[in-house]
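Here is a walk through some side-chain contacts and one helix pair, written for someone who would rather be at the bench. Have the model open and click along.

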Amino acid sequence: MSTETFEFQVEARQLLQLMIHSVYSNKDVFLREIVSNASDALDKLRLAVLRDDDLDADTSDLHIEIELDPEARTLTVRDNGIGMSHDEVGKLIGTIANSGTAEFLKELEEAQDSAGAEQLIGQFGVGFYSGFMVADEMTLVTRKAGESGGTRWSSRGEGTYTLDPAGDAPQGTSVTLHLKPADPENQLHDYTSVWTVKEIVKRYSDFITWPIRLVPAPGAAAPDGEDGSGAASGAAAGPETLNSMKALWARPRDEVSDEEYHELYKHVSHDWRDPLETVRLQAEGTFEYQALLFLPAHAPHDLYTRDYRRGLQLYVKRVLIMEDCDALLPTHLRFVKGVVDAADLSLNVSREILQQDRHIRMIQRRLAKKVLSSVKDMMTNEPDKYRGFWREFGAVLKEGLLAGGDDRDALLAVASFASTHSDDEPTTLRQYVERMKDGQDDIYYLTGESRQSIENSPHMEAFRARGLEVLLLTDPVDEVWVDVVGEAEGKRFRSVAKGEIELDAQDGGPAGEEREKQAEEYADLLGWMKERLAGEVKDVRLSTRLTVSPACVVSDAGDLTPALENMYRAMGQEVPAAKRILELNPGHPLVSGLNRAYGEREDRTGLAETAELLHGLAVLAEGGRPGEPARFVQLVAERLGRTV
């Protein structure tokens with residue numbers, strides 16, 4: 001096999017240019033990213049050997065090496081981990097096929113400053129390319145464990161890369177960076193300096209569970225002394241281990257700094273930002289385990305996609321056995337990152353076994369309880385921090401309300417919602433119930449695409465007029481969980497857009513006698529409209545919801561809302577369209593005029609069109625579309641033409 005030259009995909013070229021002309025202030029993080037990749041490769045080899053006894057791989061001394069050559073101005077990071085095949089190099093390094101580069105570049109364009117850009121990169125799995133922040137050229141040599149031949153990848157980051165055979169490559173991967181000249185004014189340090197490399201590894205990678213060894217280049221000086229320029233000097237010596245390899249979750253809290261916790265979070269999550277909250281848990285007794293969990297500050301871009309990689313790192317007695325164990329947390333806590341170290345599990349355990357293991361189920365319940373307890377404490381003691389957390393993750397947490405189980409009450413206790421009580425401050429369900437008016441038995445809510453669309457809905461008019469608080473629910477999951485949960489704090493959830501709403505007992509509504517009189521007065525019109533609109537509605541009745549609008553459409557108490565119907569159809573489930581109920585406002589001039597005209601005219605052709613328009617306006621007012629938009633537009637145009 002001879003040298004092959006390939007072009008980077010378009011998005012990868014854009015990303016490379018971003019790195020080469022980087023405006024990031026902290027270029028040191030390139031070493032953290034490459035060391036983290038090396039650590040992952042060692043983890044993968046350990047897992048592969050556990051699962052495949054026949055794998056021909058040397059695991060006697062798994063480690064990471066860093067080699068500095070000040071004369072050649074190179075820095076090499078080498079591991080003896082899983083390695084990559086020729087095809088994997090082209091796929092994983094040449095194309096960034098699965099890293100979400102397009103989304104990254106789009107969000108990067110929207111970032112207003114270099115700090116915002118720096119915060120984005122880690123989310124998108126492009127850490128390898130950060131080497132081009134400090135290097136003019138990068139060379140990668142790799143051989144996959146169990147294979148005989150290796151591959152050499154090389155690029156100057158200018159749009160192409162080459163692949164060569166590397167028959168003598170040892171097991172694992174080495175990445176050599178041909179460094180740019182040092183430029184302290186632009187935060188580009190001398191990365192051949194032993195002191196600089198030691199400081200970076202200690203700051204970012206001290207917790208890595210594999211030894212990170214600083215080895216002198218052939219013929220180079222010992223790494224424990226430097227001359228005045230920062231380059232190595234002195235007699236030749238052997239490798240020096242730079243990291244403590246101490247598991248942070250096993251160390252007492254007062255011995256670990258927040259910065260160390262934050263670096264572990266960045267390592268396991270590939271997020272460049274600090275976590276919002278760190279959660280520690282230690283269980284002792286018949287089944288012992290330790291957990292160190294992190295709540296992110298921001299939701300990842302792919303949180304709601306099928307390909308989102310969820311799960312915690314699972315260790316057994318400090319040995320990593322699974323990188324993303326999704327059995328340790330319920331789906332609605334899939335954004336939580338961290339590690340669990342159990343003392344009594346088998347090293348060779350499959351996902352299928354874990355799903356059924358009673359100890360794992362016990363850990364899941366305990367971790368979920370601890371996370372929600374931490375969120376509750378945040379809500380009580382750090383309300384601003386909680387509001388930021390709920391804004392990012394409230395929608396995914398509410399998914400847990402659909403499952404029921406032990407978490408439902410805890411989730412309802414930490415949930416907060418926009419409401420008509422305040423334009424800015426969300427409310428908890430307990431606060432809502434405490435503010436309920438005398439005689440109010442239900443928690444009123446309305447779902448919609450946005451707060452503005454809900455507040456402008458005709459369904460809100462009578463509630464606004466009577467000063468009744470309504471929860472404003474705008475997440476798609478809200479359409480489902482309120483029906484599943486049914487009640488909270490001893491009060492039923494009640495949609496203001498479903499069923500008949502009786503507000504007379506809560507002041508201000510028309511008296512019973514007046515209602516009966518109106519029903520009798522409009523009975524003929526309502527019956528006639530029900531017949532005329534039979535293809536569109538199941539009933540036509542007078543409304544207690546409306547004070548300003550002439551009409552609105554509502555769902556029957558047991559029917560699906562149109563939004564929920566659309567949601568099911570988007571998931572491939574066919575559901576029959578439920579006919580709605582048309583409600584008329586007898587106090588509106590259009591409705592009273594229509595009733596009067598119905599009683600006076602024998603030719604009701606024009607009135608039939610008015611009834612059709614009235615229904616179409618009601619559908620539009622709630623954000624829907626008339627059954628026949630073209631006919632609706634034609635009727636409106638004809639009516640407007642008569643007024644000119």
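## Charged pairs

Let's start with Asp 61 and Arg 213, whose side chains meet in a salt bridge at 3.0 Å, N to O. (Salt bridge here means a side-chain nitrogen of Lys or Arg within 4 Å of a carboxyl oxygen of Asp or Glu.) This pair joins distant parts of the chain: Asp 61 is in the loop between helix 2 (29-51) and strand 2 (64-69), while Arg 213 is in strand 8 (residues 212-216), 152 residues apart. Helices (H or I, at least four residues) and strands (E, at least two) are DSSP runs, numbered from the N terminus.

A quick word on the ground rules: this is a predicted model, where local features need pLDDT of at least 70 and side-chain atom pairs count only at pLDDT 80 or more, while totals for chains, interfaces and linings use all residues. Residues are numbered from 1 along each chain as its sequence is written, and side-chain values use heavy atoms, with hydrogens and water left out.

How many salt bridges does the structure hold? The count is 42. Three of them are set out below.

| Pair | N to O distance |
|---|---|
| Asp 61 and Arg 213 | 3.0 Å |
| Glu 382 and Lys 385 | 3.7 Å |
| Arg 387 and Glu 425 | 3.2 Å |

Arg 387 belongs to helix 10 (residues 383-398) and Glu 425 to strand 16 (residues 422-427), so their bridge ties together parts that are 38 residues apart in sequence.

Are these side chains tucked away or out in the open? For the wording, buried means under 20% relative accessible area, exposed over 50%, and partly exposed in between (1.4 Å probe, protein chains only). Asp 61 is partly exposed at 33%. Glu 382 is partly exposed at 35%, and its partner Lys 385 is partly exposed at 25%. Arg 387 is partly exposed too, at 26%, as is Glu 425 at 42%.

Salt bridges can also join up: Arg 32, Glu 33, Glu 263, Lys 266 and Asp 274 are linked in a network of them. Arg 32 has another contact as well, with its charged end over the ring of Tyr 204, 5.1 Å from the centre. (A charge sits over a ring if NZ of Lys or CZ of Arg is within 6 Å of the ring centre and within 35 degrees of the ring normal.)

## Rings

Rings of Phe, Tyr and Trp (its six-membered ring) pair if their centres lie within 6.5 Å; planes under 30 degrees apart are stacked, over 60 edge-to-face, and the rest tilted. That gives 17 aromatic pairs. One of them is Phe 6 with Tyr 161, stacked at 5.5 Å centre to centre with 25° between the planes. Phe 6 sits in strand 1 (residues 4-7) and Tyr 161 in strand 6 (residues 160-166), 155 residues apart. Phe 6 is partly exposed at 29%, whereas Tyr 161 is buried at 4%. Both rings belong to a cluster with Phe 128, Tyr 129 and Trp 153.

## Around helix 18

Arg 604 lies over the face of Tyr 598, 3.8 Å from the ring centre. Tyr 598 falls within the span of helix 18 (residues 589-600), whose axis comes within 11 Å of that of helix 19 (residues 605-621).

How values were computed
Axes fitted to C-alpha atoms, helices over the stretch in contact; angles between N-to-C directions.
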